Amino acid sequence: MGKKTIATSTIIIIVLAIAIVAILNQSRGEPSNGTKIYVDPPIIKEEARQPPFTFHIYISVHNVTNMVSCEFNMSYTPGIFVVNQINKLKVQDQYPSSYTNADDLKGYIYAKLIYRQPITLSEESARLLDIEFTAINYGSTVLDLHSVSLKDKDGHLISCIIEDGFVWILRHDIAIINCTTSTNATYVGRLVNINVTAKNEGDIAENVTIKIYANDQIIATLSITNIGPGEMLTKMVTWNTSGSTPSLTPYQIKAEVDPVPHESNTANNVFIDGNVTIKIVGDVNGDGTVDLKDLQLWDTAYGSKPGDSNWNPQADINGDDVVDKEDGILIIQNYKSGLT
């Protein structure tokens, strides 16, 4: 037995996975003959396909002398993929006799290969097994080769390096998790602030486009670049209601993010905040007509500011945070106005 190392790559950025691999690939003593058994390719990083899909890995040997048998276990995290088939491959014009077993619930593969004639590979490599998996979920796992036994024609153990593999099936998932408005009723021409929160619930940074709607009308478009995995961002947009038609029927406010390529879940791409009613100027009580009732509400709130017991934001017609005569003038100017 020899040293266990994993082939490294800059594409593995999961710190925990690196730590696990480092623990598994602890030193067992470096063999002098350069023989190794390894997972090929060492890293599978899949971000362009959604489960279910199939992929292959190979168990290969390099620089071995007089090998007549190969036995190993390979463990992995259950629930990410399942084994479809294990195919032995021809090496130096011979197929081995073999026994293989896989248990997806426990997450392991066992294989034993026996060759009629010794296998010698001088500074060369050969694939011994082709293992086909079906990805059924997202996640990452080490392909941990262990309990490896290579034997020569005399039954002696062949010292070797063991190199694990790593599989990472990435999820693309952008969600709108919140959308709030500064008010649920305002006068035509006033501004409404809308806060939208997006979260990257996937495993890779994304560039996204978010549209905010009042009914079916797009009132704002946001572009967010490089939102990282697990990151939440809140953006505020301002809706100028000048072009909106006053109505007793409220406007439905909705935020929707465009699906990113290979998105795994589009059900969370839309968030509906609720309703904002656009009123005619002076219609304090929102019944569609400017009349004596509105003047009475203005009179009750007269002189108040936010925080006062008689504060009524709807009586603050001009939006200057005080109910005063300017607001009363606006009510009188629109007196007897009504929705058509």
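1. In this predicted model, the centres of domain 1 and domain 3, taken over C-alpha atoms, are separated by 78 Å. The domain assignment of the protein places domain 1 at residues 32-169, domain 2 at 171-279 and domain 3 at 284-339, and these bounds are used in the points that follow.

2. Which domains contribute at least three residues each to the lining of the largest pocket? They are domain 2 and domain 3. The volume of this pocket comes to about 240 Å³, and of the 14 residues that line it, the closest to the centre are Ser 182, Thr 183, Thr 186, Arg 190 and Pro 313. Two elements, strand 13 (185-187) and strand 14 (191-200), give two or more residues to the lining, and strand 13 gives the most, with three residues. By residue type, the lining of the largest pocket divides into five nonpolar, six polar and three charged residues.

3. Helix 2, which spans residues 292-301, has Asp 294, Leu 295, Trp 298 and Ala 301 as buried residues. Viewed down the axis of helix 2, these buried residues fall within an arc of 130°, and they therefore line one face of the helix. Asp 299 and Thr 300, by contrast, are exposed on the other side of helix 2. As background to this pattern, residues three or four places apart point the same way because an α-helix has 3.6 residues a turn.

4. Helix 3, at residues 325-333, can be read in the same manner, with Asp 327, Gly 328 and Ile 331 as its buried residues. Seen down the axis of helix 3, the buried residues fall within an arc of 100°, so that they line one face of the helix. The face of helix 3 turned away from this buried side carries Lys 325, Ile 332 and Gln 333, which are exposed. A reader may note that Asp 327 is listed among the buried residues of helix 3, while Ile 332 is listed among the exposed ones.

5. Against what do the buried residues of helix 3 pack? They pack against helix 2, and, taken from the other partner, what covers the buried residues of helix 2 includes helix 3.

6. Gly 338 is placed in the segment after helix 3 and is partly exposed, having a relative accessible area of 38%. When residues up to four places away in sequence are not counted, Gly 338 touches Ile 280, Gly 288 and Thr 289. Gly 338 also lies 9.8 Å from Pro 246 in space, C-alpha to C-alpha, although these two residues are 92 residues apart in sequence.

7. Glu 47, in the loop between strand 3 and strand 4, is likewise worth inspecting. Glu 47 is partly exposed, with a relative accessible area of 29%, and, leaving aside neighbours within four places in sequence, it is in contact with Leu 170, His 172, Ile 204 and His 262. Of these contacts, the one with His 262 joins residues that are 215 residues apart in sequence, with a C-alpha to C-alpha separation of 7.9 Å in space.

8. Most residues other than glycine have a negative phi, and most peptide bonds are trans, which is the background for this point and the next. Two peptide bonds in the model deserve a check on the backbone. A cis peptide bond joins Asp 40 and Pro 41, where omega is about 0°, and Pro 41 sits in the loop between strand 2 (36-40) and strand 3 (43-46). The peptide bond from Pro 51 to Pro 52 is also cis, with omega near 5°, and Pro 52 is found in the loop between strand 3 and strand 4 (53-62).

9. Where do the residues with a positive phi lie, taking Gln 92 to begin with? Gln 92 lies in the loop between strand 6 (81-88) and strand 7 (97-103), and its phi is positive, at about 50°, although Gln 92 is not a glycine. With a relative accessible area of 42%, Gln 92 is partly exposed. Glu 123, in the loop between strand 8 (108-119) and strand 9 (125-135), has a positive phi of about 55°, again without being a glycine. Glu 123 counts as exposed because its relative accessibility is 58%, and the cut-off for exposed is over 50%.

Methods
Residues numbered from 1 in each chain as written. Predicted model: local features only at pLDDT ≥ 70, side-chain atom pairs only at ≥ 80, totals over all residues. Heavy atoms only, no water. 1 Å grid on protein atoms, 1.4 Å probe; cavity = no way out; pocket = protein on both sides within 12 Å on 5 of 7 lines; lining within 4 Å. Points joined across faces, edges and corners; volume = space filled by probe spheres on them. Helix = DSSP H or I, 4+ residues; strand = E, 2+ residues; numbered from the N terminus. Nonpolar A, V, L, I, M, F, W, Y, C, P; charged D, E, K, R; others polar. Domains from an automatic or database assignment. Buried < 20%, exposed > 50% of the residue type's maximum accessible area, 1.4 Å probe, protein only. Arc of directions from axis to C-beta. Contact = heavy atoms within 4.5 Å.
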